[in-house]
Amino acid sequence: MRIGELAGRTGVSVRSLRYYEQQGLLTSDRTTGGHREYPDRAVDRVIRIQELFAAGLSSKKIALMLPCMRDADGGPSEIATPRLVGDLTAERDRIDRMIGELVRSRDVLDEVIDAASGRH
């Protein structure tokens with residue numbers, strides 16, 4: 001599929017798809033006319049990249065992670081290193097801390113809302 005179709009199927013801009021390629025997160029073949037062509041599996045890859053960005057990971061960390069994620073057969077990748085596992089664990093811990101901070105912020109807002117509306 002061409003870049004426009006991939007963008008349409010994933011909801012990701014063409015500009016972002018080009019950026020993903022530049023960062024080594026996504027690859028395409030080129031037609032004789034120079035147009036990018038992606039396999040169908042690129043849809044899942046782009047969605048996974050979006051999920052990792054949404055989790056707060058940088059493109060550099062995502063580039064390290066993608067080859068280590070589960071293989072097509074569902075088994076763990078053999079190239080996941082202990083260091084990468086440690087880095088990913090640290091990222092998960094950071095996200096857990098952020099979730100805790102957001103929950104505390106929401107609780108404070110609930111108290112303010114209750115007080116402002118006279119519901120306490």
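**Group meeting: salt bridges, core and aromatic pairs**

Let me begin with Asp 40, which has a relative accessibility of 56% and therefore counts as exposed, since the cut-off for that word is over 50%. Please keep in mind throughout that what we are looking at is a predicted model.

Asp 40 is a useful place to start, as its side chain meets that of Arg 9 in a salt bridge, with 3.6 Å from N to O. The two partners come from distant parts of the chain, 31 residues apart: Arg 9 belongs to helix α1, residues 3-10, while Asp 40 sits in the loop between β2 (36-37) and α3 (42-54). Arg 9, for its part, is partly exposed, at 43% relative accessibility. This bridge also belongs to a wider arrangement, for Glu 5, Arg 9 and Asp 40 are linked in a network of salt bridges.

Side chains of opposite charge can pair when their charged atoms come close. How many salt bridges are there in this model? The count comes to eight, and I will mention two further ones. One joins Arg 92 to Asp 93, at 3.7 Å from N to O; Arg 92 is partly exposed at 48%, and Asp 93 is likewise partly exposed, at 32%. Another is formed by Arg 106 and Asp 107, whose closest N and O atoms are 4.0 Å apart. Here again we have partly exposed residues, with Arg 106 at 49% and Asp 107 at 35%.

Now to the overall layout. The protein has five helices and two strands, and, if you follow the sequence, they come in the order α-α-β-β-α-α-α. The C-alpha trace spans about 70 × 35 × 25 Å along its principal axes, and the radius of gyration is 20 Å, where a compact globule of 120 residues would be near 14 Å. Of those 120 residues, 24% count as buried, and the protein exposes about 8500 Å², of which carbon and sulfur atoms supply 52%. As for the contacts between residues at least 6 apart in sequence, 44% of them join residues at least 24 apart.

Which residues have the most contacts inside the largest nonpolar core? That core holds 21 residues, and the ones in question are Leu 6, Leu 17, Tyr 20, Leu 26, Tyr 38 and Val 46. Helices α1, α2 (14-22), α3 and α4 (59-65) each supply at least two residues of the core, and the largest share, five residues, comes from α3. To take one example, Leu 17, leaving aside residues up to four places away in sequence, touches Ile 3, Leu 6, Ala 7, Val 12, Leu 26 and Val 46.

Tyr 20 brings me to the aromatic residues. A search of the whole structure finds two aromatic pairs; one of them is Tyr 20 with Phe 53, which are stacked, with 5.7 Å between the centres and 25° between the planes. Since Tyr 20 lies in helix α2 and Phe 53 in helix α3, this pair ties together parts that are 33 residues apart in sequence. Is Tyr 20 buried or exposed? Its relative accessible area is 3%, so Tyr 20 is buried, whereas Phe 53, at 26%, counts as partly exposed. Finally, Tyr 19 joins Tyr 20 and Phe 53 in one aromatic cluster.

Note on methods. Residues numbered from 1 in each chain as written. Predicted model: local features only at pLDDT ≥ 70, side-chain atom pairs only at ≥ 80, totals over all residues. Heavy atoms only, no water. Helix = DSSP H or I, 4+ residues; strand = E, 2+ residues; numbered from the N terminus. Buried < 20%, exposed > 50% of the residue type's maximum accessible area, 1.4 Å probe, protein only. Core = buried A, V, L, I, M, F, W, Y, C linked by side-chain atoms within 4.5 Å. Contact = heavy atoms within 4.5 Å. Rg over C-alpha atoms; globule rule 2.2 N^0.38 Å. Areas by Shrake-Rupley, 256 points an atom, 1.4 Å probe, with all protein chains shown as cover. Phe/Tyr/Trp six-rings, centres within 6.5 Å; stacked < 30°, edge-to-face > 60°.
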